[in-house]
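Biologist: I am new to this structure and would love a close look at a single part of it. Could you pick the sheet and walk me through what surrounds it, in plain words?

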Amino acid sequence: FQWLQSLLQGNKNLAPFPLFPGVCKRTAQVIKIYALYCHAPELSSLVEAVGGEEKALQNFLQQVQGSSRFERVVMYLVDEELSNSFLETLPCAVCLPAWDSIVKCRECPPTSWPSAAYDIIGRHDIAKVLSTKKHALALKMENSPDEGQGLSIDQEIIKLRFPKDLRVNEVNRLLQSSKPVRISLIQKPEVSDHEFIEQQENRLYIVCQRTMALPVGRGMFTMSSVHPLPTAPLTIPKLTLTGVASPRNTSVGLEHVEKPPDMRRWAEFHNGVAAGLRIA
């Protein structure tokens, strides 16, 4: 641990770490990860390599020439066939440089990596795209059933990006504003029909304030998500401020509720802006 700490601190007078051939392979792998992470100029000088290991190290350094130190660490894990399970067996402090390199490369990895490298950094979506020879990751605008809601996203890409859950579908459900909201109220025996209708409309008015705020979230969620043709019309989703009362599915409006006369103006403006932000 003291030798690794000295390497992280940039000790230029650090002596090579002694290794026994065929015995300390795991230790040698950890030292090389640290050397790559710390930008050691001569990786082979830090390890007393034996059995042609110096030549193998030089070949590896030539392959990753021009890469960042984080990319070198990830590529070394691939070259040595080390998975995340190997890192989990190391002490937390020892494997920290490797995990840091993985996190740094996860957001924007190079496109020339092998599939194993994308698996290590947790970008299985890119690995699957490359394996199926799909190079266009831009979200496409398609005629899907939810096109009128302004939330149509290429489901094939979504399945690659989030294969283990339905988070995008849940966001679509929360941000859609083209369908009437459901008003679930139970009429008490002492409440007349007229008073009950007023209660339903008051509840709808409260829910409509949330509905009018949905375009802001939709604009952030779908920003730069479609590449339409110049001649293709861009559909602006409806902003529905009506409701459906359970269990009879009767329509509920805002006819008897006092509301500002220009209540819809800013909401419609934000709705149009959200639709425009979808264009990449």
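Modeller: Happy to; I will start with the whole chain, move to the sheet, follow the helix that packs on it, and end with another pair of helices.

Please keep in mind that this is a predicted model. The protein chain has 12 helices and 3 strands. Of its 280 residues, 40% count as buried. Among contacts in the chain with a separation of 6 or more, 68% are made by residues 24 or more positions apart.

Now to the sheet. The sheet is open, has 3 strands in the order S1-S2-S3, and its pairing is mixed. Strand S1 (181-183) and strand S3 (250-252) are the edge strands, each pairing on one side only. On average, neighbouring strands of this sheet are turned by 40° against each other, with direction ignored. As background, strands of a sheet pair through backbone hydrogen bonds, either parallel or antiparallel. Strand S2 (residues 243-245) pairs with S3 in the antiparallel sense, over 3 bridges. To find one of these bridges in the view, look for Ala 245, whose bridge partner in S3 is Thr 250.

Against this sheet packs helix H11 (residues 193-221), which touches S1, S2 and S3. The direction of H11 makes about 150° with that of S1. A good residue to pick out on this helix is Phe 196, which lies in H11. Phe 196 has a relative accessibility of 10%, so it counts as buried. If we leave aside its neighbours within four places in sequence, Phe 196 is in contact with Leu 185, Ile 186, Gln 187 and Val 191. Take Ile 186 from that list: Phe 196 and Ile 186 are 10 residues apart in sequence, and their C-alpha atoms are 8.8 Å apart in space.

Helix H11 also meets another helix, H10 (residues 167-175). For such cases, two packed helices are described by the angle between their axes and the distance between the axes. The axes of H10 and H11 come within 9 Å and cross at roughly 145°. On the H10 side you will find Val 168, Val 171, Asn 172, Leu 174 and Leu 175, and they meet Arg 210, Leu 214, Gly 217, Arg 218 and Phe 221 of H11. Sorted by class, this contact has 6 nonpolar, 2 polar and 2 charged residues. Helix H10 also holds Asn 169. Asn 169 is partly exposed, at a relative accessible area of 36%. From C-alpha to C-alpha, Asn 169 is 9.5 Å from Ile 158, and the two are 11 residues apart in sequence.

To finish, here is another helix pair to look at. Helix H2 (residues 25-37) and helix H4 (residues 69-79) have axes that come within 8 Å and cross at roughly 160°. That makes H2 roughly antiparallel to H4. The crossing of H2 past H4 is right-handed. H2 contributes Ala 28, Gln 29, Lys 32, Ile 33, Leu 36 and Tyr 37 to the contact, while H4 contributes Arg 69, Phe 70, Arg 72, Val 73, Tyr 76 and Leu 77. These residues divide into 8 nonpolar, 1 polar and 3 charged. H4 is largely enclosed by the rest of the structure, because 9 of its 11 residues are buried. Among the buried ones are Glu 71, Val 74, Met 75 and Val 78. Just after H4 comes Glu 81, which takes a positive phi of about 60°.

Definitions and conventions:
Residues are numbered from 1 along each chain as its sequence is written. This is a predicted model: local features need pLDDT of at least 70, side-chain atom pairs count only at pLDDT 80 or more; totals for chains, interfaces and linings use all residues. Side-chain values use heavy atoms; hydrogens and water are left out. Axes are lines fitted to C-alpha atoms, for helices over the stretch in contact, and angles run from 0 to 180 degrees between N-to-C directions. Helices (H or I, at least four residues) and strands (E, at least two) are DSSP runs, numbered from the N terminus. Angles under 35 degrees count as roughly parallel, over 145 as roughly antiparallel, 65 to 115 as roughly perpendicular and the rest as oblique. A crossing is left-handed if the near helix is turned anticlockwise from the far one by less than a right angle, and right-handed if clockwise. Contact means heavy atoms within 4.5 Å. Ala, Val, Leu, Ile, Met, Phe, Trp, Tyr, Cys and Pro count as nonpolar, Asp, Glu, Lys and Arg as charged, and the others, Gly among them, as polar. Buried means under 20% relative accessible area, exposed over 50%, partly exposed in between (1.4 Å probe, protein chains only). Two strands pair if DSSP finds at least two bridges between them.
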